[in-house]
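Got the viewer open and a selection box ready? Here is a walk through the model, one stop at a time.

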Amino acid sequence: MNKFVYMFDQGSGDKKELLGGKGANLAEMTRIGLPVPYGFTISTEACNAYYDAGKSISDAMERQVLEALTNLEEKTGKKLGDPKNPLLVSVRSGAVHSMPGMMDTVLNLGMNDETVEGMAKLTNNPRFAYDSYRRFIQMFSDVVLKVDGFYFEQLLEEIREEKGYETDPEMSADDWKEVIQGYKKLVKNHTKSSFPEDPKEQLFLSISAVFDSWNNQRAIVYRRLQKIPGHLGTAVNIQSMVFGNMGDDSGTGVAFTRNPSTGEAKLYGEYLINAQGEDVVAGIRTPQPIVTLKQEMPDVYQQFVDMCNLLEQHYQDMQDIEFTVERGKLFILQTRIGKRTAQAAIKIAVDLVEEKIISKKEAILRVDPDQLNQLLHSRIDDSYVRNPLAKGLPASPGAATGQVVFDADDAERLGKEEKKVILICPETTPDDIHGIVAAQATVTSRGGMTSHAAVVARGMGKACICGSESVKIDLKGKQFKVGETIVRQGDVITIDGSTGEIFLGEIPMIAPQLSEEFQLLLTWADQERKLGVRANADNPEDAQKAVEFGAGGIGLCRTEHMFMDANRIPIVQEMILAETYEQREVALSKLLPMQQEDFEGIFEAMEGRPVTIRLLDPPLHEFLPDKEELLVEVTKLQMTKPDSEELREKEYLLRKVRQLDEFNPMLGHRGCRLGMTYPEIYLMQAKAIFYAIAKGMDKGIDVKPEIMIPLVGHVNELKEMRQLVINAGVQVEEETGKTFDYLVGTMIEVPRAALTADHIAEEADFFSFGTNDLTQSTFGYSRDDAEGKFLQSYIENKVLPENPFASLDQEGVGKLVETGVKLGRGTKPGLKTGICGEHGGEKHSIEFCHSVGLDYVSCSPYRVPLARLAAAQATIKHELKQSVSELQAQK
């Protein structure tokens, strides 16, 4: 019989896949002797068995749960449902990977009309007992019976107002009894059944609800966002309750062993006196900073500090800890690796190396490359005279500007329309995850820096302000008020998540500055990585930015972007509209010095680093006006100015656009096919490159150009274009008296090129894999159409694991890359190979590039730090795998 249930003292921290992260940590803390309320874990395997059985708890699983419950009752000396000495438990989820707030929890389970009286007598505190009971009814009804928590909050608010109270602690035992009766009527009205009184029925219904929550909408969205596999399932943790709402000598809180926003090595967190844990996490009440616990309960505070230090040393990382104080006694309810901002992740990793807790390699592995994007975005200009409208708690750093919205659905809808929005709400719930994803930032009027909104925003690298109590939100009216100022939906505000300030309107921003720890971590990464990292840059400004971010060269300089300049478009159109070779040459002679100037600026910025220049790639019609717009203009002119010169010019232009129009431009007259048809265009570009090299040499710059022929599918195309480039080089060498050192290669972006790479390599000094187009041509997808029409549903329905344009399809496109490398190097062992599609800045794709032996990846300048770190991680992981394989081979 499969074992599905484990007591806390039967597990350990290395059983995360089986017990989930929470269960494994509870077992580990029990093992090392911390004061953890006792309990048991129902495994992730049980969750999968539940789904396999059609969402049903098997007899075997039920028996094991009841056996574990008996064990728990013996350990605590209490019994579930016993009116005289009742055992109350919490039922919590516990996935393998942390998913804060995404799944369901039930507290105070075991309460009913009899046990509440027993609790009142045992504790001599009726108010506490009935408060705990109403919490249980509210939470159980919401999570298990699916009665929206709004109805309970609304009723509670009405009773509070009726009695003239402002806060829950003012409520007496009799007040709570009144609330309980109202809650039970609500349940009866909504479910047509009475609230279940049998504690064992409550228990198994709650276990099923937690298993069910593994596949609720918010959990699915979060897993997709964090790339957590859906087959893992969640564990369920049943833990004896301790109570933070037993009076002023009790409390509950959440704390991080280091600041999760900045990484500063100081205890960071919050607590509430006379409250339960959900009050802190859910943002129902705004808590106090953890440091004030030192004045309230100095002994408890010191004990907690000591436990935090012990847990951080034990796990060798910053911890996120939930705790409860019951009548002066401290209990640790949970610890896990704390989520943190990119800034904090880097500082913590570097500090832990300097504290000799972890190695440099471990520090490199600790930082998620995707997080680095957070550090490369703007902040509010320091010279701006701040006049904030309101202020809250700085829950997640960064600045953002956007239109105000008050609903997660509105945020998602406007986000899809590419509008920047800021989500404003009293507090977020896990159901708002899609809105937080779509928004630039989130602001809540309630809750603290460990509330749901704060934790989720930090994990995503989005700015967030919590507990901004001066912001009075009117959800129905879709507006908020601060003093006499009213801000309506659609109005623009700016927020600073680093200071907690909210401003009216748009505020000037400045570029970020990278910390010393950031630079140091990347230096360590550079010492480890085998892959080179280059940048895609089409102008001197981008080239300079690439150098600042540590690029080793330019892997893709797209020359067509130089043609897009407003001052050049008329000359480019003159070239395209030319009827004869001579007319085209006139236009090309005007473009040559412009292209030469561009290349000179880029070579100067790169200071001798290699620069890969791709000759003209897109079809010519892209440089001409839109056909439909032209047709409208011509029709108007035919009606208003039928004899005008303007009409004749527009009609000629329309004929030319129609002549160049293609059914499928992606597979049409572009790339080297254009160079084969109009070799004078490529000749002009090649000469511009060589003249720029000569100028650079005059300035003492060691220029290293790599000239790339795009869209080659047959070796004869490359052979002809290569010779054209060589001839241009010889001609400019004769003119200038200089000798040029350069390479001629190709972009592998159609399947035939990868499959015949052994032949193509005969004419190539290097390969650069253009994986954007290679993905399109391999899948047969038009990227714009696929992403807009069906690709998202493919990912949601698991037809594809993820967007192949965002993360390289290793099974298909990857095989072509691997084949191209092997065949190419079979012909030329020293063949230089790289990748210059967007995949060059994506961590999983970078790891693949390392595994197939590419020499470099190339990406956007702003993704260069990410690529440097990801390349180092790929090297370290590969070494670790090799070490494991060697050890296994020795055994």
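Select A390 and I502 to begin: A390 stands opposite I502 in strand 22. Here strands, like helices, are DSSP runs numbered from the N terminus, with at least two residues in E for a strand and at least four in H or I for a helix. Strand 12 (residues 390-391) and strand 22 (residues 501-504) run antiparallel and are joined by two bridges; two strands pair if DSSP finds at least two bridges between them.

A word on the source: this is a predicted model, with local features needing pLDDT of at least 70 and side-chain atom pairs counting only at pLDDT 80 or more, while totals for chains, interfaces and linings use all residues. Residues are numbered from 1 along each chain as its sequence is written, and side-chain values use heavy atoms, with hydrogens and water left out.

Stay with strand 22 and add strand 21 (residues 492-496), which is joined to strand 22 by four bridges and runs antiparallel to it. I493 has L504 as its bridge partner in strand 22. Now pick G500: in the hairpin of these two strands, with four residues between them, G500 takes a positive phi near 85°.

Next, select strand 5 (residues 234-240). Buried or exposed, what are the residues of strand 5? Seven of the seven are buried, so strand 5 is largely enclosed by the rest of the structure; buried means under 20% relative accessible area, exposed over 50%, and partly exposed in between (1.4 Å probe, protein chains only). Show the side chains: T234, V236, I238 and S240 point one way, while A235, N237 and Q239 point the other.

Now bring in the partners of strand 5. Strand 3 (residues 89-95) pairs with strand 5 in the antiparallel sense over seven bridges, and strand 2 (residues 39-42) is joined to strand 5 by four bridges, also antiparallel. V236 is a handy residue to click: V236 is the bridge partner of S93, and I42 stands opposite V236 too.

Move on to another sheet. Five strands form an open sheet in the order 8-7-6-9-10, with antiparallel pairing. Strand 8 (288-289) and strand 10 (329-337) stand at the edges with a single partner strand each, so one side of each has no neighbour in the sheet. Then colour helix 12 (residues 298-315), which packs on the sheet and touches strand 6 (251-256), strand 9 (319-326) and strand 10; contact means heavy atoms within 4.5 Å. The direction of helix 12 makes about 30° with that of strand 10. Back at the edge, strand 7 (residues 268-273) pairs with strand 8 over two bridges, and E270 stands opposite P289 there.

Time for some helix pairs. Axes here are lines fitted to C-alpha atoms, for helices over the stretch in contact, and angles run from 0 to 180 degrees between N-to-C directions.

- Helix 5 (residues 126-143) and helix 7 (residues 173-191) pack at about 20° with their axes 8 Å apart. That makes the two helices roughly parallel, the label for angles under 35 degrees (over 145 is roughly antiparallel, 65 to 115 roughly perpendicular and the rest oblique). Contact residues include Y130 and Y133 of helix 5 and W176 and Y183 of helix 7.
- Helix 13 (residues 342-354) and helix 18 (residues 516-528) pack at about 70°, axes 9 Å apart, and are therefore roughly perpendicular. Select I346, K347, V350, V353 and E354 to see them meet E517, F518, L520, L521 and W524.
- Helix 34 (residues 843-851) and helix 35 (residues 864-890) pack at about 55° with axes 9 Å apart, and are therefore oblique to each other. Among the residues making the contact are I846 and H850 of helix 34 and A870 and A874 of helix 35.

Now for the interior. The largest nonpolar core has 103 residues, of which M575, F603, F690, I709, V725 and F767 touch the most other members. A nonpolar core is a set of buried Ala, Val, Leu, Ile, Met, Phe, Trp, Tyr and Cys residues joined through side-chain atoms within 4.5 Å. Helix 26 (residues 679-698) gives the largest share of this core, 11 residues. Centre on F603, whose contacts include I689, A692 and I693. A second, separate core of 86 residues includes V5, I57, I290 and I332.

Last stop: S644, in the loop between helix 23 (627-640) and helix 24 (645-660). S644 is buried, with a relative accessible area of 16%. Draw a distance to M99 to finish: the C-alpha atoms of S644 and M99 are 68 Å apart, and the two residues are 545 apart in sequence.

Definitions and conventions:
Lists of a residue's contacts leave out its neighbours within four places in sequence.
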